[in-house]
Amino acid sequence: MNKYQFKPVIEINELQHAVDLQNKIWGNDIVTSLAQMVAAIHNGGCVIGAFDADRMIGFTYGFPGVTSPLSKPHLVSHMMAVDPDYRNQGIGEKLKRQQREWAIDQGFEKITWTFDPLEIKNGYLNLTKLGGYVRTYYVSYYGSMQDKINKGMPTDRFLLEWDLMSDPVVNMGTKKERYSEINDYPLALDFIVQHSMPISGDVAKHTEERIILVPVPKDIQTLKSNSFELAYDWRMKIRQVVQELFSDGYILVAAVPSEYVGYYILEKE
């Protein structure tokens with residue numbers, strides 16, 4: 001029996017709980033209003049909530065999108081939030097699985113969403129556990145944001161693509177086994193990790209390696225609170241390196257944790 005309940009949310013009072021949860025996590029800078037969610041639900045979108053009895057402890061919110069006039073509509077998963085009191089229990093992963101089931105029932109073949117390249121925990125969930133991939137890097141995607149998580153940092157984002165019926169998604173978890181031996185792959189950067197600071201960051205041009213690693217801070221929010229300058233330096237270095245690798249034909253396929261830093265794994269397309 002599941003400890004928590006997961007279900008689509010359509011009632012106004014329950015949608016208001018999603019707005020309240022945003023306030024709790026991001027402060028007063030609410031990204032998605034009640035009116036927006038109501039409009040999306042009535043036009044092909046969906047809010048899925050996670051509940052502990054009557055308390056909403058998480059939600060994911062998406063709406064239909066197209067990338068070109070000739071492309072098939074896909075679901076844009078604009079936001080996911082989990083109450084800080086309930087984190088590290090797999091609730092985010094379960095919300096995404098529920099969202100996938102709903103999307104398939106509605107005829108969608110793909111879900112996309114963005115996440116911060118410096119948030120390696122999100123990368124591990126999105127890439128390694130859920131089976132998504134990234135081939136697009138957006139510079140300052142949301143412009144300047146003033147909430148307590150993003151304030152002061154350029155809002156660079158990865159675009160995660162989740163092909164709902166692909167082998168890595170249908171067989172979630174296989175990437176964890178495939179990319180477990182990170183020491184087998186060369187580093188893309190000449191990074192010297194000392195006090196969580198990247199000292200140099202030039203990526204080798206036209207590398208011939210099929211699989212390479214890019215290090216990233218283990219906990220960017222703690223690093224920001226200890227030294228914003230170092231966190232900002234990581235932002236600029238990761239931006240430079242990943243954009244160059246994408247232009248050289250690499251795709252971001254997985255993320256793995258390590259003792260002092262995390263690693264993104266990129267593979268030749």
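The exercises below treat the pockets, aromatic rings and backbone angles of a predicted model, each with a worked solution.

The model is predicted, so local features are restricted to pLDDT of at least 70 and side-chain atom pairs to pLDDT 80 or more, whereas totals for chains, interfaces and linings use all residues. Residues are numbered from 1 along each chain as its sequence is written, and side-chain values use heavy atoms, with hydrogens and water left out.

**Exercise 1. Describe the largest pocket by its volume, its lining and the elements that contribute to the lining.**

Step 1. A pocket is defined on a 1 Å grid over the protein atoms alone, as an open set of points with protein on both sides within 12 Å along at least five of seven lines, the probe being 1.4 Å, and its lining residues have an atom within 4 Å of a point. Grid points are joined across faces, edges and corners, and the volume is the space filled by probe spheres set on the points; for the largest pocket this gives about 1,400 Å³.

Step 2. The lining of the largest pocket has 39 residues, and those nearest its centre are W26, M80, R87, E119 and N122. Two or more lining residues come from each of α1 (12-26), β4, α3, β5 (110-115), α4 (120-129) and α7 (220-226), where helices (H or I, at least four residues) and strands (E, at least two) are DSSP runs numbered from the N terminus.

Step 3. The largest share of this lining, seven residues, is given by α4. The buried residues of α4 (under 20% relative accessible area, with exposed over 50% and partly exposed in between, for a 1.4 Å probe and protein chains only) are I120, G123, L125, N126, L127 and T128.

Step 4. By class, the lining of the largest pocket comprises 18 nonpolar, 11 polar and 10 charged residues; Ala, Val, Leu, Ile, Met, Phe, Trp, Tyr, Cys and Pro count as nonpolar, Asp, Glu, Lys and Arg as charged, and the others, Gly among them, as polar. At least three lining residues come from each of domain 1 (5-176) and domain 2 (179-268), with bounds taken from an automatic or database domain assignment.

**Exercise 2. Give the volume, the lining and the contributing strands of the second largest pocket.**

Step 1. The second largest pocket holds about 400 Å³ of space, and of its 22 lining residues T67, H74, V76, T112 and L159 lie nearest its centre.

Step 2. The elements that supply two or more residues to this lining are β3 (55-65), β4, β5, β6 (133-138) and β7 (157-163). The lining of the second largest pocket divides into nine nonpolar, eight polar and five charged residues.

**Exercise 3. Classify the aromatic pairs Y137 with F158 and Y138 with Y141, and state the burial of each residue.**

Step 1. Rings of Phe, Tyr and Trp (its six-membered ring) pair if their centres lie within 6.5 Å, and planes under 30 degrees apart count as stacked, over 60 as edge-to-face and the rest as tilted; the structure holds 11 such pairs.

Step 2. Y137 and F158 have centres 5.6 Å apart and planes at 85°, an edge-to-face pair. Because Y137 lies in strand β6 and F158 in strand β7, the pair ties together parts that are 21 residues apart in sequence.

Step 3. The centres of the Y138 and Y141 rings are 4.7 Å apart and their planes stand at 25°, so this pair is stacked.

Step 4. Y137 is buried at 9% relative accessibility and F158 is buried at 0%, whereas Y138 is partly exposed at 29% and Y141 is partly exposed at 40%.

Step 5. Y137 and F158 belong to one aromatic cluster together with F115, F246 and Y264.

**Exercise 4. Which residues other than glycine have a positive phi near 60° or near 45°, and where do they lie?**

Step 1. Most residues other than glycine have a negative phi.

Step 2. A53 has a positive phi near 60°; A53 is found in the loop between β2 (46-52) and β3, and is exposed with a relative accessible area of 63%.

Step 3. S140 has a positive phi near 45°; S140 lies in the loop between β6 and β7, and is partly exposed at 31%.
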